[in-house]
Amino acid sequence: MATKKHDDHENYPTVVVTKTVTVHPKPLLHHPQQILHLSNLDRQCPMLMYVVFFYKPCFAFQNLALGSIFNSLKSGLEETLSIWYPAAGRLSLNQADGKLNLWCNNGGAVLAEAATTAKIIQLGDLSQYKEFFERLAYKPVFHGNFSQMPLIVAQVTRFGCGGYSISIGASHSLFDGPATYDFLRAWASNSAILKEKRSTLQNYKPVHERGPLLVGTQHGQLQLTKLPESGSSAPTRGAAAIDHLHQLIKQALAGPDMKFGGSNFSNTGNSNLVLKTFHLSGAMIESLKIKVFGGESRGSFSCSSFELIAAHLWKARTKALGVRKGAMVCLQFAVDVRNKMVPPLPKGFSGNAFVLASIALTAEQLEGSSHEATIEKIKQAKNSITNDYVIAYNKALDGGAAQGSLPPINELTLISDWTRMPFHTIDFLHGEAAYVSPLLSPIPQVAYFMQNPNDLRGIDVRIGLPPQFLNAFSHYFLTNLQ
């Protein structure tokens, strides 16, 4: 079991970076330097988010030199950046309003080559995070000036056994999860390592302009409709996630008896969290459905695996952390709004297109609520994400509401669903990756729901927890699953 601070990575051999280059777009298309205005959804977390792909030793590439793979990745990235040209830019701070936008200046991405004598088998279960994984990623030095930080960085590392890892860091202001998935598929296709180059994987090109999600009228014709003035400084009605977040912060600061109340709130960091992955097999999920709904007596009630596991996780986490019964607790999860907007966002939209759905109860109400009742509230929260909700949410963010810098709050459970983004199927090398692991994120308490390469009906749940609550969470979360 690994933590950010206590992982004994000294037991692993070193990782030596042997080459670092800046990769610019291939001059297939000329893109003049321009400012791409970002939406408020883009601005919430401008830091780099990393994933690392693991490819075990394979006969197909055992005699292929590291330099050859590096050059193919470089060539493929050059071609990909010619279409996904904002990824070669830099963030730029607007001095007039203090907001970040994207400067498409062809500054380039960064690609590093590295080697280690470590063997992939030494890493054990690749689904379990280890601090050593961070050594497999290129981490540019950041001094607070976003205009100097590349938006895409990558590192290919050859292991002593002949296996490889490929780590990619992408600014969350550039892409959300679905757009990152599309970008990486295009890059893998263009790299043509041990396979025929595929001219296209999709019948549409990426759309980089954020027009439909921009607040105001000065950046184009497709704008968010301005909300009626309410004359109140309260959070915008209709954006339940923002409203609930304000209430949670107010509650957390209300008194010393709260877990993060008083002076403890500002001193709570993310560095103590244990990152743990729980594999829920397809059989375990089906078993929970039977226990929750009573087998054949389910009647007309149905739910997705996401709704079931989200409800189960929220109840287990809240109980394990010992939240006070009268305290407000909240479940928030990301919802893709590409098809929720009116009209829908264009195919290939490459920016951030998610908002948070939100449910709030007291801890006592949540504990006393059945799984079925909790699932019904999740369904209602999903259905509440309409065009009007997106407008309200985006407008509320324009007033400065943000989550990117929040410390963990026991009363807030956050979920990000990656199950529709099978990153392991992206074949940078020969065949699928053995595993794709997210690295430590700016909000490590988020629970990620991911596909497992060896069990497509199952779900891997990666979550950050305070170490003193890990055993309790494991107990409550795995109850009824085994």
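This short presentation walks through salt bridges, cavities and some backbone features of one protein chain.

Good morning. Please keep in mind throughout that the model is predicted. I shall begin with charged side chains, then turn to the interior spaces, and close with the backbone and the cysteines.

Let us start with the general idea. Side chains that carry opposite charges can pair when their charged atoms come close. How many salt bridges does a search of the whole structure find? The search finds nine. I shall discuss several of them.

Consider D42 and R210. Their side chains meet in a salt bridge, with a distance of 2.9 Å from N to O. Where do the two residues lie? D42 is in the loop between β2 (34–36) and β3 (48–55), while R210 is in the loop between α2 (177–191) and α3 (240–252). The pair thus links distant parts of the chain, 168 residues apart. Are these two residues buried or exposed? D42 is buried, with a relative accessible area of 0%, and R210 is buried as well, at 2%. The cut-off for buried is under 20% relative accessible area, so both values qualify.

The next pair has another setting. The side chains of E78 and K74 form a salt bridge at 2.8 Å, N to O. Both residues belong to helix α1 (residues 66–83), and because they are four residues apart there, about one helical turn separates them. K74 counts as partly exposed, with a relative accessibility of 24%.

A third pair is R338 and D176, whose side chains meet in a salt bridge at 2.9 Å, N to O. R338 lies in the loop between β10 (328–336) and β11 (354–362), and D176 lies in the loop between β8 (164–171) and α2, so this pair ties together parts that are 162 residues apart in sequence. R338 is buried at 14% relative accessible area, and D176 is buried at 2%. Which residues form a network with this pair? Salt bridges link D176, D336 and R338 in a network.

We now move to the interior spaces. The structure holds three cavities of 30 Å³ or more, and the largest contains about 90 Å³ of space. Its lining consists of W418, M421, F423, H424, Y435, V436, M450, Q451 and P453. Two elements give two or more residues to that lining, namely β13 (435–438) and β14 (447–452). What is the chemical character of the lining of the largest cavity? Seven of the residues are nonpolar, two are polar and none is charged.

Next, the backbone. As a general point, most residues other than glycine have a negative phi, and most peptide bonds are trans. With that background, please look at two places in the chain. The peptide bond from V342 to P343 is cis, with omega near -5°. P343 is found in the loop between β10 and β11, where R338 is also placed. The second place is N106, which has a positive phi of about 55° although this residue is not a glycine. N106 sits in the loop between β5 (100–104) and β6 (109–116) and counts as partly exposed, at 28% relative accessibility.

Finally, the cysteines. How many disulfides does the structure hold? The number is zero. Among the cysteines, C45 is buried with a relative accessible area of 13%, and C330 is buried at 0%.

Thank you for your attention.

Terms used: Residues are numbered from 1 along each chain as its sequence is written. This is a predicted model: local features need pLDDT of at least 70, side-chain atom pairs count only at pLDDT 80 or more; totals for chains, interfaces and linings use all residues. Side-chain values use heavy atoms; hydrogens and water are left out. A salt bridge is a side-chain nitrogen of Lys or Arg within 4 Å of a carboxyl oxygen of Asp or Glu. Buried means under 20% relative accessible area, exposed over 50%, partly exposed in between (1.4 Å probe, protein chains only). On a 1 Å grid over the protein atoms alone, a cavity is a set of points where a 1.4 Å probe fits but cannot get out, and a pocket is an open set with protein on both sides within 12 Å along at least five of seven lines; lining residues have an atom within 4 Å of a point. Grid points are joined across faces, edges and corners, and a volume is the space filled by probe spheres set on the points. Ala, Val, Leu, Ile, Met, Phe, Trp, Tyr, Cys and Pro count as nonpolar, Asp, Glu, Lys and Arg as charged, and the others, Gly among them, as polar. A disulfide is a pair of cysteine sulfur atoms within 2.5 Å.
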